[in-house]
Amino acid sequence: MQVEVKLKQNPYKVYIDELENLEFNTKVFILSNPKISGLHLEKLLSKIKAKELFIGIVKDGEEYKNLATIEEILNQMFNSRLDRKSILISFGGGVISDMGGFAASIYQRGIEFINIPTTLLACVDAAVGGKTGVNNDFGKNLIGTFYQPKAVYCQSEFLKTLGSKELSAGMAEFIKMAIIFDKNLLDFIENIDEKSFLNASCENEIFTQIIAKSVQLKAKIVELDEKESKLRMLLNFGHTFAHVIEKFTDYKVYLHGEAVAIGMNMANYLACNLGFLSKHECQRIESILLKFALPIFYKIDKVEEFYEAFFMDKKSSDKKLNFILADSLGKGVIKDDISKKDIIASLKEFQ
């Protein structure tokens, strides 16, 4: 299956379960991490022919998603003597996708790159849309670029080696899309057999369907708002809270999708308190998150400190906080006029 991301400049296709032999008349640099390269690199290499082929391995995890690792990647690229016609392939999860795209965007002012995601989260979110970047001491993904890939190849078979935590984290991003854009997807999600899914013992078709539904929806959003000026901001549902949680826990306690799950629950508490969501709708979302073994609670020690951390988020502007909330299931809304009093009241429910 193929989904086209129809951008005015640099359109590309997302190939779902269609990773055939790839031939390049140039140098190719594959960026991966120790775990993924150990599991799947041999298979990928059997499908690639290139003028010259280089492998770059870096540590994976949000705690390594920083400028120091980017410099390490760039040094490996320079040592490989890549030129401006070379191609970088990001082969891993969301962290590798984000860092590979960022490195490609700044190497000699930009070379082409391809995403081959190996986690559910990367397939449904990070690998598509061209958002690249790294974290720093001030927050999550505050350094980066919008830089679209040349192509994306999502293979459901790669997901069969994932553990339950990684699969749950990926589902969080899929659930996010359903809550904000398409309530019919919630019915689909509720009908998934979570036990076989979390054990990766379900049919590949389930993974394929999840990836396809996510990519089709995200492609439409990116086409309408590539640089995240308004509509695409809705995809950050739960992330305003999640980014603070990740920063406060040094990116070591939760996978990104797990933090997003907690963030969605926090956003839903706020939406419920403001009258956007009913208690029944909030409880339904909680049940779906718990169904896929996702965390929904984070203990906030210092509410004021947590609140102030929101202002470092990319979605804040002109000293206003932008919150993405669900205004009924399947419909998202951006709110920049929520009072500090109301925000603090919701945060106190997580003390």
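**Group meeting: a 13-helix, eleven-strand chain**

The chain carries 45 positive and 47 negative side chains, where Lys and Arg count as positive, Asp and Glu as negative, and His and the chain ends are not counted. The centres of the two sets lie 3 Å apart, with each charge placed at NZ of Lys, CZ of Arg, CG of Asp or CD of Glu.

Colleagues, this is a predicted model, in which local features need pLDDT of at least 70 and side-chain atom pairs count only at pLDDT 80 or more, while totals for chains, interfaces and linings use all residues. Residues are numbered from 1 along each chain as its sequence is written, and side-chain values use heavy atoms, with hydrogens and water left out.

I begin with the overall fold. There are 13 helices and eleven strands in the chain; these are DSSP runs, numbered from the N terminus, with helices being H or I of at least four residues and strands E of at least two. The radius of gyration is 20 Å, close to the 20 Å from the globule rule for 351 residues, so the chain is as compact as a globular protein of that length. That radius is taken over C-alpha atoms, and the globule rule is 2.2 Å times the number of residues to the power 0.38. Along the principal axes, the C-alpha atoms fill a box of roughly 60 × 40 × 35 Å.

Of the 351 residues, 57% are buried; buried means under 20% relative accessible area, exposed over 50%, and partly exposed in between, with a 1.4 Å probe and protein chains only. The exposed surface of the chain is about 15300 Å², of which carbon and sulfur atoms supply 47%, as computed by the Shrake-Rupley method with a 1.4 Å probe. Turning to contacts, meaning heavy atoms within 4.5 Å, we take those between residues at least 6 apart in sequence: 77% of them join residues at least 24 apart.

Next, three helices. Helix α8, residues 204-224, has 21 residues that should span 30 Å at 1.5 Å a residue, and its end C-alpha atoms are 31 Å apart, which agrees. The expected span is 1.5 Å times one less than the number of residues. Among the buried residues of α8 are Phe-207, Thr-208, Ile-210, Ile-211, Ala-212 and Ser-214.

Ile-210 of α8 has 0% relative accessibility and so counts as buried. Leaving aside neighbours within four places in sequence, Ile-210 is in contact with Leu-120, Val-124, Met-171, Phe-174, Phe-188, Ile-192 and Phe-197. The C-alpha atoms of Ile-210 and Cys-123 are 9.3 Å apart, although 87 residues separate the two in sequence.

Helix α9, residues 239-248, is mostly covered, with eight of its ten residues buried. What covers those buried residues? The cover includes β8 (139-146), α5 (164-181), α10, α12 (303-309), β10 (323-326) and α13 (340-347). Just after α9, Asp-250 takes a positive phi of about 55°.

Helix α10, residues 256-274, reaches 27 Å from its first C-alpha to its last over 19 residues, close to the 27 Å expected at 1.5 Å a residue. Because 15 of those 19 residues are buried, α10 is largely enclosed by the rest of the structure. Gly-275, just after α10, has a positive phi of about 90°.

Two further residues are of interest for their backbone angles. Asn-10, in the loop between β1 (2-5) and β2 (12-16), has a positive phi near 55° in a residue other than glycine. Is Asn-10 buried or exposed? Asn-10 is exposed, at a relative accessible area of 56%. Ser-328, in the loop between β10 and β11 (332-335), has a positive phi near 80° and counts as partly exposed at 27% relative accessibility.

I close with two buried positions. Ile-16 belongs to strand β2 and is buried at 2% relative accessibility. Beyond neighbours within four places in sequence, the contacts of Ile-16 are Met-1, Val-3, Cys-154, Thr-208, Ile-211 and Ala-212; Thr-208, Ile-211 and Ala-212 are among the buried residues of α8.

Met-177, in helix α5, is buried with a relative accessible area of 1%. With neighbours within four places again set aside, Met-177 is in contact with Val-124, Asp-182, Ser-214, Leu-217, Lys-218 and Leu-235. Met-177 and Gly-330 stand 153 residues apart in sequence, with 8.2 Å between their C-alpha atoms.
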